[in-house]
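Please look over the sequence and structure below before reading the notes that follow.

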2 protein chains.
Amino acid sequence: MSKIFIDACFGRPTPYTPVWMMRQAGRYLAEYRAVREKAGTFLDLCRNPELAAEVTLQPVEIVGVDAAILFSDILVIPLEMGMNLSFVAGEGPVFSDPIRSREDLERLRSAEETAPRLEYVYETIRLVKERLPEDKAFIGFAGAPWTLATYMIEGQGSKTYTLSKKMLYTDPELLHAILRKTTEAVKLYLARQIEAGVEAVQIFDSWAAAIEPAKYDEFSWKYMVEIAEYLKERYPHVPVILFPKGIAAFIERGWVYGNFDVFGVDWGTPMALAKEKLGDRYVLQGNMEPTRLYSKEATQECVAALANLMKEGRHIFNLGHGILPDVPVENARHFVRLAQELSRRD
Amino acid sequence: MSKIFIDACFGRPTPYTPVWMMRQAGRYLAEYRAVREKAGTFLDLCRNPELAAEVTLQPVEIVGVDAAILFSDILVIPLEMGMNLSFVAGEGPVFSDPIRSREDLERLRSAEETAPRLEYVYETIRLVKERLPEDKAFIGFAGAPWTLATYMIEGQGSKTYTLSKKMLYTDPELLHAILRKTTEAVKLYLARQIEAGVEAVQIFDSWAAAIEPAKYDEFSWKYMVEIAEYLKERYPHVPVILFPKGIAAFIERGWVYGNFDVFGVDWGTPMALAKEKLGDRYVLQGNMEPTRLYSKEATQECVAALANLMKEGRHIFNLGHGILPDVPVENARHFVRLAQELSRRD
């Protein structure tokens, strides 16, 4: 059976524009919070295939999205490379052993050693695959090497990324070595996700905007493209979505290239700009400002404008960043329904 | 005597391109740290004209910049409007009484009551004015209404600005009322700064990028322009600089307008884009990535590229955001000297 999400990723005609939401398996759902509590810590939930599969499936049924996205965290890669990860309440993820030198980096496991240690993710995927309605697609994901590297170097979330950027300008070889090792791990990880059953993959470069536009290709984009091309060569039937957040200027300069299928547009980039610069080459995903979900009116205004701008298709509805934890479920459902209705082509 | 910085703001020919650095009166200077310690809290320093004048003048002598910028904080406006401000170590500014309703807003003093309470700032300006070398210019500043409003609403720094943005979509009238009251206060405050002796003013919209591009004019830009035009009407000889951080997409769409003199370009916006879109109408200021200051090579690369791109002038050198606290002073001096040398036109 043909899946509307997959068709849309390849730019094939679809009866309406499919829709999903970044972080759709998350705290705004009471059902998620219940499972999360049962699981223990956030990491416990990531490493529990049965429960992770359950929360992966929740938004498909509850909110009506056209695709499920694997519940996991981008930081399982550095975790399984051997870093000591914990999630501190109110502070987010913390690595007690950040990577600041070549010796630190050498301590980490290779891609070949890392990928098999993520068996709990592959098992989650197999469980979801058994239960997902057959008209819904299943998306896997990983963090972009640059975004992973910033966490690995800073040791925690950062507003300024000073250590990572200092390394970028003062010891670019070390940064490239970290990015190289991480890139190899992401390649093998996503290949195994596909082997286990995901039907599309998205690479999140959440901290793309921390790099000045003139350096973005060298330290992030080219690695994302390398991963995409590695996957497209082996799995041409699996759409690859790249989502670099906050790089309107990079798009504007015409610097986006590579063999992948869908470009994820963040909310800071006008969809009209993305369409002008990229719409012929890539299907575009996005990009409602997530805070609009607090207001049905503001949601309606944006969905209608996007449906009109993208009426010729080559579009997947999404938010321009993750859904916020206190959005009413009813509003999320309203967004999903509206996107499906206002884009209907019959 | 004609001042090179003022001439440059008006696009007049200058022997070289002047340079200053955002946050140049700051922690990277040992002399600043010494005064800061003597003063007590950060707010104590802002409210001590003698010491505030001293740190305002330091970078002119130590680093060789072409303009001094008033040492103060954008949050003195909400403070003197009646909000309870403290600076919590490691957390930044905190208002214990955030503005979440019309009643909260009505509690705050009017612009007319607020402006005279900032006498300690005007006194700082008079002291600096007496001592500043006559070839150096003196810049006053204020926060943009939107940026001030986010602090007033959130009660503290935020990564997501959820409360402010929720208000933007669900109760725009309340947000506009907050912005209106703040706008009036900023107008009178900057007018008094000029009367006290500053020769140019910059309005910082540090959180510009928190608003989606399609809403930026309505909730921020138009208020900044209103303030600029209020000042230009009364003080046409005083250049007005607007610095909205992180709005490359807004620039790209051609949405920048208004009667002001200099557009401050942040490091996330390629100067070539700003030049294409705005260079005919505004003098451009910026925009070296501040982390480049850790490396003399990276500094050289950027200054040379900017000097070449802007060789016809209509440019003021600056960083694309504030200088970081652990940059070696020698590197800051190197940046300033290089900017002045590589732009020399004789």
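The points below cover the sheet of one chain, the relation of the copies, and one strand in detail.

This is a predicted model, in which local features need pLDDT of at least 70, side-chain atom pairs count only at pLDDT 80 or more, and totals for chains, interfaces and linings use all residues. Residues are numbered from 1 along each chain as its sequence is written, while chains are lettered from A and ligands numbered from 1 in the order in which they are written.

**Sheet of chain A**
- Seven strands (DSSP runs of E, at least two residues, numbered from the N terminus) form an open sheet in the order β1-β4-β5-β6-β7-β8-β9 of chain A, with parallel pairing, where two strands pair if DSSP finds at least two bridges between them.
- The edge strands, each pairing on one side only, are β1 (67-69) and β9 (315-319) of chain A.
- β1(A) and β4(A), residues 137-143, pair in the parallel sense over three bridges, and A137(A) in β4(A) is the bridge partner of A67(A).

**Relation of the copies**
- Chain B can be laid on chain A with an RMSD of 0.0 Å by a turn of 180 degrees and a shift of 0.0 Å along the axis, superposed by least squares on the C-alpha atoms of residues with pLDDT of at least 70 in both.
- That is the relation of a two-fold axis.

**Strand β6 of chain B**
- In β6(B), residues 240-244, five of its five residues are buried (20 or more other C-beta atoms within 10 Å of a residue's own, with C-beta atoms placed from the backbone).
- V240(B), L242(B) and P244(B) lie on one side, and I241(B) and F243(B) on the other.
- β6(B) pairs in the parallel sense with β5(B), residues 200-205, over five bridges, and with β7(B), residues 262-264, over two bridges.

Terms used. Helix = DSSP H or I, 4+ residues; strand = E, 2+ residues; numbered from the N terminus. Buried ≥ 20, exposed ≤ 12 C-beta atoms within 10 Å, placed from the backbone.
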